[in-house]
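Biologist: Thanks for sitting down with me. Could you walk me through this model, starting with its aromatic rings?

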Amino acid sequence: MIDHTSPSKLLSIWQNLSTAVLLLDKEMQIVEANNSASELFGLGLKRLINQPIHSLFHHHNLDLERIAHYALDDGVDCQQHRVDVVFVDSRHATLAVYASRVALDSQRYILLECRRTDDEIRYDQASQQHHQYQAARNLIRGLAHEIKNPLGGIRGAAQLLQYEVDQQEREECAALIIEQADRLSELVDRLLGPNQRPKTAPCNIHQTLESVIKLSAFDNATPIKVVKDYDPSIPDIVIDAAKIQQVLLNIMRNAQQALHDTEEATITIKTRIKHRLRRGDRMMKKALLIRITDNGPGIAQELKETLFYPMITNKDGGSGLGLSIAQTLIEQHNGMIDCDSWPGYTEFNIYLPFDNQ
């Protein structure tokens with residue numbers, strides 16, 4: 001058994017960490033550093049020791065004042081996910097930095113962990129570009145398929161009109177052209193998404209959810225258990241109930257279809273209040289969370305990144321517009337919708353702000 005209290009063992013672990021780790025005193029000077037820190041900063045361990053942390057950079061946007069205040073004085077861990085730096089040897093890097101307070105020999109120190117994220121960012125960007133490219137190709141293919149049939153009908157009817165002299169036949173051809181033109185117009189409207197602003201009024205979200213459960217049950221023959229986990233203290237929220245019902249119904253039907261061949265198929269609907277919720281650059285002081293989960297097979301990996309794009313679907317006969325429209329309707333309420341999924345589990349989260357009222 002390894003003696004975890006052995007100083008030599010701990011020193012070996014410290015020096016072989018892949019993450020660059022610095023120990024800073026209250027003056028923000030480096031007291032200790034590991035080999036990964038030496039490699040990251042391009043300086044030997046002896047040159048790192050007793051150097052002020054800011055002297056390791058030509059340029060940086062690391063918030064050292066915040067780290068000193070929160071980590072050292074308040075004992076609150078803090079982190080910066082994207083720190084752009086230029087080292088003293090002119091190398092550029094993007095770092096993720098995590099700072100925490102440690103106490104050694106009755107003294108307070110900052111343990112600063114630094115990890116390069118350049119490769120991760122490049123990989124994420126390349127992956128996103130690939131998914132966007134594939135989504136664009138699928139969109140073009142879907143549009144081509146949807147447009148080709150009506151255009152064929154219009155062309156055929158126009159050719160008949162060119163030579164037909166019988167009035168009844170001419171009227172039938174004209175009616176066919178109008179019908180197919182309307183079909184194309186409807187497709188364009190669906191792609192653009194809903195353009196009418198929500199007609200909002202105070203709404204009991206649980207009444208809306210009960211209506212959705214009943215409506216979805218009428219359309220589904222598969223026996224599915226529905227578990228309700230409601231927070232009864234949630235107050236009325238100002239929304240367009242019809243539009244939110246459309247969103248919820250779409251997600252419920254997707255879940256039902258996914259559970260078609262699942263034993264003990266279950267859909268769980270949960271409501272909660274969330275405070276100070278941040279997603280990207282959006283902040284909600286108080287928000288309603290509606291979470292719909294199922295124990296189906298999960299969403300295919302190749303669809304996850306483009307799930308809310310139009311014309312993206314793996315359903316036979318599906319338009320791929322349901323979730324795209326759902327996202328538009330939620331955004332009209334200044335809310336957010338996201339999804340997480342793995343084999344045996346899929347979760348949709350809808351966030352609707354109270355502070356937007």
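Modeller: Gladly! Rings of Phe, Tyr and Trp (its six-membered ring) pair if their centres lie within 6.5 Å. Keep in mind that this is a predicted model.

Biologist: How many aromatic pairs does the structure hold?

Modeller: Applying that centre-to-centre cut-off of 6.5 Å, the number of aromatic pairs in the structure is 4.

Biologist: Which kind of pair do Phe41 and Phe57 form?

Modeller: Their ring centres are 5.8 Å apart, with 70 degrees between the planes. Planes over 60 degrees apart count as edge-to-face, so the Phe41 and Phe57 pair is edge-to-face.

Biologist: How far apart in sequence are the parts which that pair ties together?

Modeller: Phe41 belongs to helix α2 (residues 35–41), while Phe57 sits in strand β3 (residues 57–60). The pair therefore links parts whose separation in sequence is 16 residues.

Biologist: And are Phe57 and Phe87 stacked or edge-to-face?

Modeller: Here the centres are 6.0 Å apart and the planes make 25 degrees. Since planes under 30 degrees apart fall in the stacked class, the Phe57 and Phe87 pair is stacked.

Biologist: Is Phe57 buried or exposed?

Modeller: Its relative accessible area is 9%. Buried means under 20%, so Phe57 is buried.

Biologist: Which residues form one aromatic cluster?

Modeller: Phe57 pairs with Phe41 in edge-to-face fashion, and Phe57 also stacks with Phe87. The cluster is therefore made of Phe41, Phe57 and Phe87.

Biologist: Let's turn to the nonpolar interior. Which element supplies the largest share of the largest nonpolar core?

Modeller: That core has 37 residues, and those with the most contacts inside it are Ile290, Ile350 and Leu352. Elements that each supply at least two of its residues include α7 (205–218), α8 (241–258) and β13 (345–353). With 7 residues, the largest share comes from α8.

Biologist: Which residues does Ile290 touch, not counting those up to four places away in sequence?

Modeller: Among them are Ile205, Leu209, Leu248 and Lys270. The rest of the list is Phe348, Asn349, Ile350 and Leu352.

Biologist: One last topic, the pockets. Which strand gives the most to the lining of the second largest pocket?

Modeller: About 270 Å³ of space lies in that pocket. Of its 15 lining residues, the closest to the centre are Lys304, Phe308, Ile337, Asp338 and Cys339. By class the lining has 8 nonpolar, 2 polar and 5 charged residues. The strand that gives the most, with 6 residues, is β12 (residues 336–342).

Notes. Residues are numbered from 1 along each chain as its sequence is written. This is a predicted model: local features need pLDDT of at least 70, side-chain atom pairs count only at pLDDT 80 or more; totals for chains, interfaces and linings use all residues. Side-chain values use heavy atoms; hydrogens and water are left out. On a 1 Å grid over the protein atoms alone, a cavity is a set of points where a 1.4 Å probe fits but cannot get out, and a pocket is an open set with protein on both sides within 12 Å along at least five of seven lines; lining residues have an atom within 4 Å of a point. Grid points are joined across faces, edges and corners, and a volume is the space filled by probe spheres set on the points. Helices (H or I, at least four residues) and strands (E, at least two) are DSSP runs, numbered from the N terminus. Ala, Val, Leu, Ile, Met, Phe, Trp, Tyr, Cys and Pro count as nonpolar, Asp, Glu, Lys and Arg as charged, and the others, Gly among them, as polar. A nonpolar core is a set of buried Ala, Val, Leu, Ile, Met, Phe, Trp, Tyr and Cys residues joined through side-chain atoms within 4.5 Å. Buried means under 20% relative accessible area, exposed over 50%, partly exposed in between (1.4 Å probe, protein chains only). Contact means heavy atoms within 4.5 Å.
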